[in-house]
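Reader: I'm new to this and would like to learn how to read a structure with more than one chain. Can we go through it together?

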Amino acid sequence: MTAQLYLDGVTRSFDGFKAINNLALSVDKGELRAVIGPNGAGKTTMMDIITGKTRPDGGEVLWNMDTDLTRLDEARVARLGIGRKFQKPTVFETHTVEDNIRLSLKAPRGVFASLFHRSTKAEETRVTELMDQIRLTHLRFEDAANLSHGQKQWLEIGMLLAQEPQLLLVDEPAAGMTDAETMETAELLKSIAGERTVIVVEHDMDFVRALDCRVTVLHQGSVLAEGSLDYVSGRDDVIEVYLGR
Amino acid sequence: MKASMTRLIDLRLGLFLAALFAVTVLAPLATTLSSSSPFNLPSYLIPLMGKYLCYALLAVALDLCWGYAGILSLGHGAFFALGGYAMGMHLMREIGARGVYANPELPDFMVFLSYDHLPWFWWGFGNFGFAAVMALAVPGLLAFVFGWFAFRSRVSGVYLSIITQALTFALLLAFFRNEMGFGGNNGLTDFRDVLGFSLSAPSTRIALFVLTAICLAACILIARAITISKAGKVLVAVRDAESRTRFLGYRVESYSVFVFTISAMMAGLAGALYVPQVGIINPSEFAPANSIEIVVWVALGGRGTLVGAAIGALVVVALKSWLTATFPDLWLFALGGLFILVTLALPNGLLGLLDRFRRAKPAPKEVPA
Ligand SMILES: Nc1ncnc2c1ncn2[C@@H]1O[C@H](COP(=O)(O)OP(=O)(O)OP(=O)(O)O)[C@@H](O)[C@H]1O
Ligand SMILES: [Mg+2]
């Protein structure tokens, strides 16, 4: 089986500080992968590199083993089918909840395509479905600015789903959610995996346990350990740098 | 499910267009009344009203890129002036041999500066259609090239505002130079007629005024159509969360360049309509303060409303005419004061104020699931 996302020898420093240091990671198509690690381990920076926001100083980042992601800008990477949820929930505040979803729906992204775009019945059905799925139907016509933190997280997940990406990079989705919402989010991501590839960064260990998937531990910009949650959480080095604190 | 469909002409725009239509029909009629009638409008006021409508159009152009896409251009006066110069060049050529020096080929200022032939960039301007196209194409092309470099390098916010201001200042200095071939300090003036009609004839003035009103209505409708389209929503998305928009796969710079270019072309159109009604175009139109004044119009009217921008322009320009006539020294203070007032007390402008009154009784916004 070949990897859908493959990183090798990736390095990136900021002012001499190596945020990512010889990072290697390989994720298969349809896999669900959790990435954990202490603050500043480089989890978000890794996502920045995959999505074209940050250029690595060196190393390989390959999509389906043939496309070099380090040469592409954010829009190109997104159009390849890589979607991303930010650590700080980011939605279009002055648009309604449903318009946030509409703008995210998979469709041609060019200026003229958007200018002459007419909403189709299929799109409206999809919007309705997604609104249901993220449980925001009752807030459909509300401006996104008026949502709570947790609701914005859900909306951003909905926007991610609307893009129908092949790979979802989800940075700390459970922050600001209640325990029940956190578990629902875990279930949602599990149900998406298989059909799509999902990489989740999260500090909430109950959430990671609920994901029930392979776990990668990052520390100082490289992989410290990888395996089942039980395996990595039993390792002394992981306990020392992360779990034990 | 239709709640998402935004109408092209909503109540606000409908009222504005109706008022514009009424003025466009009634003002020319009022000039034909006998001078003893209380409704008589002296014919010299028609070009003045036309000039005001040009400013309203210019404000709409700026609102399209600032109010919706968040591109605060402090150089829109330059696009306006370039459109004005394009039209002015045609009007100069149309003077023909009737100038002081009676040179059929060269405008007076060129004879005076001892040019022996028409510079290449004046070629074609003898043709009205060519000049009209250039009035849109030159500002559009400048905005496209400028925007392409700026937005691709991800220059935005204050930095963008500063370089647009630098752009208009650079053009101001360039157009002041006699060697540029645009009449230097004096600019272009002493126009006689357009398409064979005398510019001082009341009927020509009325035609220009009506044409300006039609262009204003058309541009405000085009701008509205853009802003309610999906592309318009993407522009607002860029304004609110640029990186989110990029990660959805939208190429932000394409959208910014597009709206900046359209906006510059509308500003150029406003300039082209302005010059025959005012009778002169000179480098002072490039003055940085002019561009800042446009921002005040839009801010006062209410940015991101189009109609508000047009109204803001009319209100401020009327105030300016009155103040500069009665207390000429006060105008710049009034402009500054107005800007501070709007920023502090009226963040959504005059239209925002109206909306606040209307929303006194709140409408239920949530819909049952
Ligand atoms: N653009 C940048 N400029 C300078 N330093 C940066 C930049 N981006 C990240 N860093 C640094 O790189 C390191 C890794 O940051 P990163 O955000 O990737 O950590 P993280 O694992 O996501 O942490 P957290 O769990 O707190 O979100 C941090 O020390 C951070 O300060
Ligand atoms: Mg992070």
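Author: Sure! Let's start with a term: a salt bridge is a side-chain nitrogen of Lys or Arg within 4 Å of a carboxyl oxygen of Asp or Glu. Keep in mind that what you see is a predicted model.

Reader: Okay, how many salt bridges are there between chain B and chain A?

Author: Four. In one of the salt bridges, the side chains of A:Glu156 and B:Arg244 come together at 2.3 Å, N to O. Chain B and chain A also have 16 residue pairs in polar contact. On the side of chain B that touches chain A, α8(B) gives the largest share, with eight residues.

Reader: And what area is buried between chain B and chain A?

Author: The general idea first: interface size is often given as the accessible area lost when the parts come together. Here, about 3300 Å² is buried between chain B and chain A, and carbon and sulfur atoms give 61% of that. In chain B, the residues that lose the most area to chain A are B:Lys230, B:Arg244 and B:Phe247, together 24% of what that side buries. As for contacts, 32 residues of chain B touch 41 residues of chain A.

Reader: Now a single residue: is B:Leu141 buried or exposed?

Author: Exposed counts as over 50% relative accessible area. B:Leu141 has 57% relative accessibility, so B:Leu141 is exposed. You'll find B:Leu141 in helix α5 of chain B, residues 128-152.

Reader: Which residues form a nonpolar patch with B:Leu141 on the surface?

Author: B:Phe144, B:Val145, B:Trp148 and B:Phe149 join B:Leu141 there, and together they have about 510 Å² of accessible area.

Note on methods. Residues numbered from 1 in each chain as written. Chains lettered and ligands numbered in written order. Predicted model: local features only at pLDDT ≥ 70, side-chain atom pairs only at ≥ 80, totals over all residues. Heavy atoms only, no water. Patch = residues over 30% accessible without salt bridge, like charges linked within 9 Å, V, L, I, M, F, W, Y side chains within 5 Å. Areas by Shrake-Rupley, 256 points an atom, 1.4 Å probe, with all protein chains shown as cover. Helix = DSSP H or I, 4+ residues; strand = E, 2+ residues; numbered from the N terminus. Buried < 20%, exposed > 50% of the residue type's maximum accessible area, 1.4 Å probe, protein only. Contact = heavy atoms within 4.5 Å. Buried area = accessible area lost by both parts, 1.4 Å probe. Polar contact = N/O pair within 3.5 Å; in protein donor to acceptor, adjacent residues only side chain to side chain.
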